[in-house]
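Student: Please take me through the unusual backbone spots here, and then show me what surrounds the bound molecule. I'd like one connected answer that I can follow with the model open.

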Amino acid sequence: MNRTAIIAGAGGAVPPRIVTNHDLERRLDTTDDWIRTRTGIRQRHVVEPGMSTSDLAAEAGSRAMKQAGMTSADLVVVATTTPDRLCPATAPTVASRMGLVDTPAFDVSAVCSGFIYALQVATNAVMAGAAESVVVIGAESFTTILDPEDRSTVAIFGDGAGALALRAGDRAEDGAVLDFDTGSDGSLRDLITVRAGGAEQRATGRPAAPEDAYFRMEGQSVFAHAVRRMAETSRRTLATTGWGVEDVDWFVGHQANQRIIHAVADQLGIGAERAVSNIHRVGNTAAASIPLAISDSATAGRLRRGDRVLLSAFGGGATWGAATLVWPDLPAA
Ligand code: UT7
C-alpha cells in the first residue's frame, strides 16, 4: 500500500463582524476603488474583543471532523501567526475545545505558508504510521496585530480559520494528499515581521514602541518574491507528482492579493477560471487562507470528486510551499 493522508472532511469559520472597504474609507486615507483594484478585496471579517484564534480554529476543526464522521484524532496541528498567547501553543486549547482528550497538539509557525507546512507535517505523520487520523487547521486573528493607522495592512488582512480532517489511506484513492515542496529564506525576515513580543526584544513590563509592537510588511517587495516563489514551488511539486499544468483542475493560491493569484496562475499557464478565489469576501487571512478557500469552494460545490488540486503559498520568514492533492467525494457538511 502507498500510504498517505486522505481528506475526509473540510470546515471553515469566520467571525460575524464584517468590515467593508467603505467602512475603512471613513477612518483611513483610502478608497474602496484603491483597495478593490489593487487587491480584489471588498470586505474582511474581524474578531471582536473577547474572540480569538482558538475560537475560530475550534469551530473550523469541529466542522471538518463532523463532515468526516470523526470523533477522535491522533494529532492536531494548528498553523497560525496569531496564537492566543506567546506561550503556550494554541493547538492544545483547540484540541480541548474540540473534545479531544489527551491528543498530541502543536502549532506550526510559517505565516502565510503555515497551512502547507502543517499539512505536510500531518501527512508525514500519517505516512510514517504515527497517526491514523489528524485534524490540520489554519487559523488567524490577524487584525489583532495590525497598526490601526496603517492603511497598507489594515486594508488587506482579515480573520478566519479553515481545517481539513485527514485519515490514513492509499495514494490511489480520491482525497489523497500527494506531494509537497517547501522552502525558506531567513535573510528576508524583515519583509514581514512583528519585531517585539519575542526573545529578541525582551519583555520589560512596558509596552513596546508602536513600530515594533505592530505587524509590518514591505508590500511591493513581498509581492515580487511571492509571485516568483509561488510559481517555482508549484512547478517543482507538479513535476514530483507528474502532472502537467493542463492536469490541474483548481489552483488554490494563498489569497494574498488577487493580482498575485492571477500573476502566478498566468506564469504557470493556468487559466484564471481555474484559480480559486474568495479574497473579495475575506481578505488575506494568512495561514487560514488556503483551507478557508478550499472549504468555501467545497461548500459551493466547485470542488468535485476526482478534481486535481494544486496549493501554493508564500509568507513571512520568508517561507513558501506547494502541495498536490485529489479532491474526495465528501458528504454534505
Ligand atoms: O500574506 C503574506 C504575503 N503578503 C502579500 O503577498 C502582500 C503582497 N503585497 C501586496 O499585495 C501589495 O504590495 C499591496 C496591496 C500591499 C500594496 O499594493 P501596491 O500596488 O504594491 O502599492 P504600493 O505599496 O506600491 O503603494 C502605492 C501607493 C503608495 O503611495 P505613494 O507612496 O505612491 O504615494 C501607498 O502609500 O499606494 C499607497 N497605499 C494606499 N493608498 C490607498 C498603500 N495602501 C493604500 C491604501 N489606500 N489602503
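Tutor: Pro88 sits in the loop that runs between strand E4 (75-79) and helix H4 (91-97). Keep in mind as you look that this is a predicted model. The peptide bond leading from Cys87 into Pro88 is cis, and its omega is near 5 degrees. There is also a cis bond between Gly317 and Ala318, with omega about -10 degrees. Ala318 is in the loop between strand E12 (308-315) and strand E13 (319-326).

Next, turn to phi. Val111 is not a glycine, yet its phi is positive, at about 50 degrees. You will find Val111 in the loop between strand E5 (105-108) and helix H5 (114-127). Is Val111 buried or exposed? Its relative accessibility is 14%, so Val111 counts as buried; the cut-off for that class is under 20%. Ala286, also a residue other than glycine, has a positive phi near 50 degrees. The loop that holds Ala286 connects helix H10 (279-282) and helix H11 (289-299). With a relative accessible area of 0%, Ala286 is buried.

The two helices on either side of that loop each offer a residue to inspect. In helix H10 there is Val282, which is buried, at 1% relative accessible area. From Val282 to Gly244 there are 38 residues along the chain, and their C-alpha atoms are 30 Å apart. Helix H11 holds Asp296. Asp296 has a relative accessible area of 22% and is therefore partly exposed. Measure from Asp296 to Gly306 on your screen: the C-alpha atoms should be 17 Å apart, for a sequence separation of 10 residues.

Now for a polar cluster. Asp181 belongs to strand E8 (residues 177-184). At 15% relative accessibility, Asp181 is in the buried class. Which side chains does Asp181 meet in polar contacts? One of them is Thr233, where the side-chain contact is 2.5 Å. Another is Arg236, with a side-chain contact of 3.1 Å.

That brings us to the ligand. Its surroundings comprise 22 residues, of which Thr30, Arg38, Gln220, Asn257 and Asn284 come nearest. By class, the shell divides into 10 nonpolar, 8 polar and 4 charged residues. Several arginines are worth selecting here. The side chain of Arg38 has an N or O atom 2.6 Å from an oxygen atom of the ligand. For Arg151, the corresponding distance from a side-chain N or O atom to a ligand oxygen is 2.8 Å. Arg259 has a polar side-chain atom 3.4 Å from an oxygen atom of the ligand. Taken on its own, the ligand has 950 Å² of accessible area, and the protein covers 75% of that. Which elements give two or more residues to the shell? They are helix H2 (32-39), helix H6 (151-154), helix H8 (219-241) and helix H9 (258-268). Among these, H8 contributes the most, namely 4 residues.

Why does the ligand lie between two domains? Domain 1 (3-170) and domain 2 (177-326) both supply residues to the shell, so the ligand lies between them.

Finally, zoom out to the whole chain. You can count 11 helices and 13 strands in it. The C-alpha trace spans about 55 × 45 × 40 Å along its principal axes. A compact globule of 333 residues would have a radius of gyration near 20 Å, and the 19 Å found for this chain agrees with that. Of the 333 residues, 55% are buried; Val111, Ala286, Val282 and Asp181 are among them.

Key. Residues numbered from 1 in each chain as written. Predicted model: local features only at pLDDT ≥ 70, side-chain atom pairs only at ≥ 80, totals over all residues. Heavy atoms only, no water. Near = heavy atom within 4 Å. Polar contact = N/O pair within 3.5 Å; in protein donor to acceptor, adjacent residues only side chain to side chain. Areas by Shrake-Rupley, 256 points an atom, 1.4 Å probe, with all protein chains shown as cover. Nonpolar A, V, L, I, M, F, W, Y, C, P; charged D, E, K, R; others polar. Domains from an automatic or database assignment. Rg over C-alpha atoms; globule rule 2.2 N^0.38 Å. Buried < 20%, exposed > 50% of the residue type's maximum accessible area, 1.4 Å probe, protein only.
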